[in-house]
Amino acid sequence: LAAAFVGCLTFLLWKASLHQGMERLNDLISLESDKIKELVTTVIDERVSDMEELKLHLEEFPQVSENLWESSIDFYIRKNPFFKTIKWIDSSYVSSENTLKREYFNHSIIQSQLDIARNNGKAWISDILQLKSEEREMYLILPVFKDKVFSGYIVASAHIDIMLRDILKEVQLSKFEVAFFEGKNQKRSFFKSSDELPKSISSMREIPFYNSLWVVKVWPSTELFNKYGFTLLSKLIVIAGIILALFLFSAIRARQIINRQALMLQKTQDTLKEQLGESSRHAKELRLLKEMTDAIQLCPSLSDANVPIATYCALLLPGTTGLLYLASDLEQGLAQFTSWGMATPKAHSFPF
């Protein structure tokens, strides 16, 4: 307890020396997470606006030539490098004369997302998909209606890693680490700025956009955390506290060991006394059994043995009462022979 008290006191002093620095670090992390949230939301909105613009052209000018369509796609892909592809998919799930199954990996998932977007009649953002090449991507899906009649989809696939790394160029990654999760439960991280584990201090922000929800977690890099968490004063406090706690612990622990050894010795003595008492009881019982045997052998007849048997039964079984019956061949039953521990037992027999 003394060592624990010193440890707690050291901890409180250490916390006091770091409190101001940790507050400052927490403010920096909070500001950085707000900045990342704003950047991600802005970029996603801009990309969806680009696709909405392309969708508007198709709805207003349904007879767009294939060359004009391809040049428009090239323009948006050059404008946004993280766009992998931009495809037109008709109502039969056919794209560029190829079926959806051959065109897209995870085609069944994409088809279900297309159906949802069509039913909602507005922009839809798919879940994060893991490709065979270890890449991650998502799809921006816009259903297109011509004269209020559904005609197909504009589907843009986006490189998640490229998009987020481009966004995080404006973040001080030398000072902060970032991880993105899909959904509130945060079961799966789809992007990490590095493999460094999160620190005890971090900031999280939910990023809702359209039908999706991302969660961004920001924590300080090891260098930044050490800068605020291990100052010279805090190191001195910790070292002094540890030395004092170890000294008290060693001294008190030595005393406890001595007391424990004394207690174990006392328990050993008590055990030996108990064993000695048990041995004495066994020796007494053996002596009484021998005396009873000798007394019975001195009786001239069986009927005369009832007195020594009753006497020694009372000595061998103290605190009990009992009756002894003998089998009689003549009467073909059990007849009462003697008793102990009771005044005048009622005589009775038991037939076989």
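What does D294 count as at 33% relative accessibility? D294 counts as partly exposed, because that value falls between the limits (buried is under 20% relative accessible area and exposed over 50%, using a 1.4 Å probe and protein chains only).

## What you're looking at

This is a predicted model, where local features need pLDDT of at least 70 and side-chain atom pairs count only at pLDDT 80 or more, while totals for chains, interfaces and linings use all residues. Residues are numbered from 1 along each chain as its sequence is written, and side-chain values use heavy atoms, leaving out hydrogens and water.

## Helix α1 and its bend

Start with helix α1, which covers residues 2–60 (helices are DSSP runs of H or I with at least four residues, strands are runs of E with at least two, both numbered from the N terminus). With 59 residues at 1.5 Å each, α1 should span 87 Å, and its end C-alpha atoms sit 81 Å apart, which agrees (the expected span is 1.5 Å times one less than the number of residues). Follow α1 along and you'll meet a bend of about 45° at L18 (the angle between axes fitted to the seven residues ending there and the seven starting there).

Two residues of α1 are worth a stop. L9 sits in this helix and is partly exposed, because its relative accessibility is 42%. Together with F5 and L13, L9 makes a nonpolar surface patch with about 310 Å² of accessible area in total. Such a patch takes residues with over 30% relative accessible area and no salt bridge, joining nonpolar side chains (Val, Leu, Ile, Met, Phe, Trp, Tyr) within 5 Å and like charges within 9 Å; the areas come from the Shrake-Rupley method with a 1.4 Å probe, and for residues only the protein chains shown count as cover. The other stop is E23, also in α1 and also partly exposed, at 42%. The C-alpha atom of E23 lies 9.6 Å from that of Y228, although the two are 205 residues apart along the chain.

## Strand β11 and its neighbours

Now for β11, residues 212–220, where nine of nine residues are buried. Both of its faces are covered: one side carries S212, W214, V216, V218 and P220, and the other carries L213, V215, K217 and W219.

Strand β11 has partners, too. Strand β8 (residues 176–182) runs antiparallel to β11 and is joined to it by seven bridges (strands pair if DSSP finds at least two bridges between them). There, F176 is partnered with P220. Strand β10 (residues 203–209) also pairs antiparallel with β11, again through seven bridges, and I207 faces W214.

## Two hairpins

β10 and β11 make a hairpin with two residues in between. One of the residues in that loop is Y210, whose phi is positive, near 55°, even though this residue is not glycine. Y210 is partly exposed, since its relative accessible area is 45%.

A second hairpin joins β8 and β9 with six residues between the strands, and G183 takes a positive phi near 90° there. Strand β9 (residues 189–192) runs antiparallel to β8, with three bridges between them. A179 stands opposite K192 in this pairing.

## Helix α7 and the salt bridges

Helix α7 takes up residues 232–298: its 67 residues should span 99 Å at 1.5 Å a residue, and its end C-alpha atoms are 97 Å apart, which agrees. Its buried residues are S234, I237, G241, A245, L288 and M292.

Side chains of opposite charge can pair when their charged atoms come close. The count here comes to eleven salt bridges (a side-chain nitrogen of Lys or Arg within 4 Å of a carboxyl oxygen of Asp or Glu). Two of them belong to α7. E291 pairs with R287, with closest N and O atoms 3.1 Å apart; the two are four residues apart in the helix, which means about one helical turn. K290 pairs with D294 at 3.2 Å, and they are likewise four residues apart in α7, about one turn. K290 counts as exposed at 54%.

Elsewhere, K169 forms a salt bridge with D166, with closest N and O atoms 3.6 Å apart. K169 is exposed at 66%, whereas D166 is partly exposed at 39%. Finally, E46, R47, D50 and K79 are linked in a salt-bridge network.
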